[in-house]
Amino acid sequence: MTVKVGIDKIGFYTPNLYLDMVDLAHARGADPAKYQVGIGQSKQAVIPPTQDVVTMAANAAAQILTPTIKTQIAMVLFGTESGIDNSKATAVYLAHLLELSPQTRAVELKQACYGATAGLQLAADYVRVHPQAKVLVIGADIARYGLRTAGEVTQGGGAVAMLVAANPQILELEATSSYHTADVMDFWRPTYRTEALVDGKYSTNVYLDFFAAVWADYQRQTKLTIADFAAFTFHLPFTKMGRKGLRQILPTATPEHQAQLTAAFEASQADNRDVGNLYTGSLYLSFLSLLRHGHLQAGQRIGFFSYGSGAEGEFFSGLIQPNYRQGFDDAGLTDLLANRRAVSVAEYEQLYNQQLSSDGQDMQLAVGQEQAPYYLAGRQHEQRVYRRQ
Ligand code: CAA
């Protein structure tokens, strides 16, 4: 008998600061409707210097780990494109901060916004062979395009932590998936740059082309059609992007089903609209948003489109499990998002420029405002100093 494998628990963390897109539009001389409707974003997470991808991942993972689960974790697979070291994996720092067993395999995965999907699929295959094991999969990033750039409205940041296990509470992953790779220069960040280079319009076209390709191949492989799906979730660099993806396939559904899929999409973009781009974590925040705001039933099939510029696309699917609501802390996530503080554009710009300097000097960060369990206190002897409170 084949064992069911999939997502057992999901945690999410984003810092307690955000920028309102109406304020950003006014400061940039843009019509607020362009940002809110044309791009589809209401708020954008602002990441203080005391949070990086490691601390955000630790804050997300801490929500779903118990002492017993920690002893069962065989691997940590950390998807990120805004890592903190060109050699050492963020997963190793994370395993240490979370006090996981030394008998843990810990690596970082990079392919733009696709890294966490690679982690999820590798984790599922591992658990299919080792059903007693659990794998911690992370998608954590800080999306930076630069002040006053076209991409500025599509920034954000945060971390999603997923526990992959046998007999999962939330979602059984189905084995068939369709993937597609092509060497495309739509978005990249050479090692000497802190902000990405992007051909914005081109990247949106490549995203849609990849979605068409993998969706067609998935249908060919499985003989499933749009009628077999209760919802489609998308990588959401900004919510309009997923809306365009859905519109591409919607005409193939019946009018009644079109309305259901559209309602499910609205649920799946609600939290992303208030956080912004998480790069690798965006698709999984969108799935979490669907779990929180949608009206799902056990057995329903959900489609996932993952896209990482450069470029890699994948379409896969999973089945909602009966106790899915027990796999995440709905009230805690509502509080996390509701209790954030709005920053002015001036404060956002100041925080934007306050990263750890690139000269390797020792420094102490102002940690007085930091409320998260895990945070970055500074740098000593060229090593990041992490703290837990
Ligand atoms: N009211 C309502 N809507 C308005 C408006 C107004 N006053 N003014 C403009 N709009 C609409 C436009 O009609 C347009 O809508 P459609 O796309 O549906 O036609 C939308 O607002 C955006 O307008 P523009 O195309 O003029 O916007 P822009 O030139 O400022 O660029 C962008 C938009 C290309 C997405 C830019 O923000 C960008 O480069 N973002 C980063 C790249 C990105 O996210 N690419 C996504 C695919 S790559 C990926 O997914 C990986 C990743 O995470 C990076």
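Reader: How far is an oxygen atom of the ligand from an N or O atom in the side chain of Lys244?
Author: This is a predicted model, in which local features need pLDDT of at least 70 and side-chain atom pairs count only at pLDDT 80 or more, whereas totals for chains, interfaces and linings use all residues. Residues are numbered from 1 along each chain as its sequence is written, and side-chain values use heavy atoms, with hydrogens and water left out. The ligand oxygen and the side-chain atom of Lys244 form a polar contact (a pair of N or O atoms within 3.5 Å). Their separation is 2.5 Å.

Reader: Which residue has a polar side-chain atom 2.8 Å from a nitrogen atom of the ligand?
Author: For Lys240, a polar side-chain atom lies 2.8 Å from an oxygen atom of the ligand. The partner of the ligand nitrogen is Ser203.

Reader: What percentage of the ligand's exposed area does the protein bury?
Author: Accessible areas come from the Shrake-Rupley method with a 1.4 Å probe. Taken alone, the ligand exposes 1,100 Å². The buried part of this area is 73%.

Reader: Which element gives the most residues to the shell around the ligand?
Author: Helices here are DSSP runs (H or I) of at least four residues, numbered from the N terminus. Those that give two or more residues to the shell include H2 (32–39) and H8 (239–249). The most, 5 residues, come from H7.

Reader: Between which parts of the protein does the ligand lie, and why?
Author: Domain bounds come from an automatic or database domain assignment. Both domains give residues to the shell around the ligand, so the ligand lies between them. They are domain 1 (5–170 + 328–388) and domain 2 (172–324).

Reader: Which residue follows Gly310 across a cis peptide bond?
Author: The omega of this bond is near 10 degrees. The residue in question lies in the loop between S12 (301–308) and S13 (312–320), which are strands (DSSP runs of E, at least two residues). It is Ala311.

Key. Polar contact = N/O pair within 3.5 Å; in protein donor to acceptor, adjacent residues only side chain to side chain.
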